[in-house]
Structures are given as structure tokens and as C-alpha cells.
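Okay, thanks everyone for squeezing in. Let me put the structure up, and then I'll walk you through a few bits of it.

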Amino acid sequence: MGTSTTFSPAFLQIMLRAILLVALVLGVGYQVHAAEPSNDARQTVDQLLRLVDERLAIAPDVAKAKWNSGDPIDAPAREAQILDSVVAEATREGIDEAFAQTFFKHQFEASKVIQHRLHEQWRQTEQPPFESPPDLAEDIRPQLDQLTPQLMSSLRDFQVVAESEGVRQYLENNAETLVDDGVGGVAREEALRPLYEATDTANVDKQ
Ligand SMILES: C=C(O[C@@H]1C=C(C(=O)O)C=C[C@H]1O)C(=O)O
């Protein structure tokens with residue numbers, strides 16, 4: 001029996017663990033590398049997240065205007081008007097119409113989550129009417145209308161990269177930093193759900 005080639009079980013176990021550890025490190029390293037989306041894809045996601053954030057940031061002004069005027073938070077006719085322009089733009093620009101509509105419906109819901117939270121808060125604190133709130137028709141809606149074509153063109157870019165490797169992870173990693181809804185993430189999740197779904201399933205046409 002040759003003793004020189006016999007290793008104790010404890011030694012073999014340590015070696016095995018070392019090999020597994022190395023394999024694990026290499027495997028994780030490979031996955032992190034493989035999951036990193038292209039520069040273009042990252043910029044596309046960043047841009048879309050910033051625009052979503054910009055749109056949500058208008059919701060408190062909407063809430064103030066409606067607090068003073070007593071208008072209902074829910075304005076279905078206004079939403080329908082935006083959706084009409086979204087459909088027209090989608091047709092012109094070759095953007096998936098259903099995706100664009102779903103995305104905007106979620107932006108409306110997210111905005112309403114913020115508005116309801118604020119009104120609830122103001123009811124509790126018996127907030128008097130605001131001194132000089134921005135005007136809904138004159139100031140706020142035109143601001144939102146300016147964002148619509150920007151969001152549409154960003155959605156068109158997003159469609160192209162949505163299913164690329166690592167895009168979902170990148171979206172998840174950056175959502176919290178780039179989208180601040182002021183209500184702890186509830187509105188953000190609502191606003192971003194169609195984007196997550198587009199990265200999951202094959203329901204977005206690649207252009
Ligand atoms: C922003 C408003 O409030 C709600 C949210 C909308 C939106 O996000 O564009 C549109 C209509 C309303 O249901 C508004 O009335 O303009």
C-alpha cells in the first residue's frame with residue numbers, strides 16, 4: 001500500500017470545498033458579466049425611468065389644484081384624450097399600441113395613488129386651500145402633454161431592448177434610485193409594472 005498518494009478524508013474534504021468555492025466564484029462572476037446590458041440598453045432604461053419620475057413629480061401639483069377646486073381626482077375624459085394621442089403616435093412611430101396604452105394607464109393610476117395619498121393627508125391635517133396652486137388646464141396639463149411624446153419615443157427605444165439579457169435586472173436595480181414617488185414605492189411599482197412585464201414575456205415586438 002503506497003502511503004505517499006493517500007490523502008486523509010479531512011484533507012480531501014477541504015480540497016473539495018476549495019474547488020466548489022472557486023467554481024462558485026467563477027460562476028457568479030460569469031453571470032454578473034453575462035447579465036450586464038449594453039450601453040445603449042442602459043441609457044434607454046435610464047431615460048425611460050427619468051421620464052416616469054418626471055411625470056410622477058407633477059402629481060402633487062395636480063393634487064393641489066384639485067384640492068382647491070374640488071374637482072375629482074379621477075378624470076376619465078382627460079385620460080381618454082391622452083390615450084387617443086398615444087394611439088395616434090403609436091401608429092405613426094411603429095410602437096406597440098397595446099403596450100403604449102397599458103403603460104399610460106399605469107402612469108394614470110400611479111399619479112392617482114399619489115393624489116389620493118396627499119388628499120387623505122390634507123383631510124387629516126385640515127389643510128386649507130393652497131395660496132397659489134398651479135392651474136390644472138393652464139399649467140399642469142400642458143406640462144404632462146409635453147412629456148407624452150417624449151415618453152412615447154422612449155417606449156419605442158425600450159421595446160427594442162426590453163427582452164435583452166440583463167435588462168430586467170438593470171431596471172430593478174435602478175428603479176428606486178431614478179424614480180422617487182414620495183409614497184414609499186407604491187406608485188413607482190404601479191408605474192413600472194408594464195415595463196417589468198415587457199422584460200418577462202414576449203409581448204413586445206422587436207423593431
Ligand atoms: C393628472 C390628472 O389626474 C388624473 C391622472 C391623469 C394623468 O396621469 O394624466 C389624468 C387624469 C386623471 O385621472 C389630471 O386630471 O390631469
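I'll go through the domains, then the ligand, then one helix.

Just so we're all clear, this is a predicted model. The protein splits into domain 1, residues 1–35, and domain 2, residues 41–200. How far apart do the C-alpha centres of domain 1 and domain 2 lie? The answer is 50 Å.

Now the ligand. Going round it, you've got Val-62, Asp-74, Ala-75, Arg-78, Glu-79 and Ile-82, and then Gln-107, Phe-108, Ser-111, Lys-112, Arg-141 and Leu-144. Three elements put two or more residues each into that shell: α4 (76–93), α5 (97–124) and α6 (136–161). And which one gives the largest share? That's α5, with 4 residues. If you sort the shell by class, you get 5 nonpolar, 5 charged and 2 polar residues.

Okay, on to α7, residues 167–178. With 12 residues at 1.5 Å a residue, α7 should span 16 Å, and its end C-alpha atoms are 15 Å apart, so the two agree. Which residues of α7 are buried? Val-167, Arg-168, Tyr-170, Leu-171 and Ala-175. Look down the axis of α7 and those buried residues fall within an arc of 145 degrees, so they line one face of the helix. Remember the general rule: an α-helix has 3.6 residues a turn, so residues three or four places apart point the same way. Then, on the other side of α7, Glu-172, Asn-173, Glu-176 and Thr-177 are exposed.

That's my bit, so over to you for questions.

Methods: Residues numbered from 1 in each chain as written. Predicted model: local features only at pLDDT ≥ 70, side-chain atom pairs only at ≥ 80, totals over all residues. Expected span 1.5 Å × (residues − 1). Buried ≥ 20, exposed ≤ 12 C-beta atoms within 10 Å, placed from the backbone. Arc of directions from axis to C-beta. Near = placed C-beta within 6 Å. Nonpolar A, V, L, I, M, F, W, Y, C, P; charged D, E, K, R; others polar. Domains from an automatic or database assignment.
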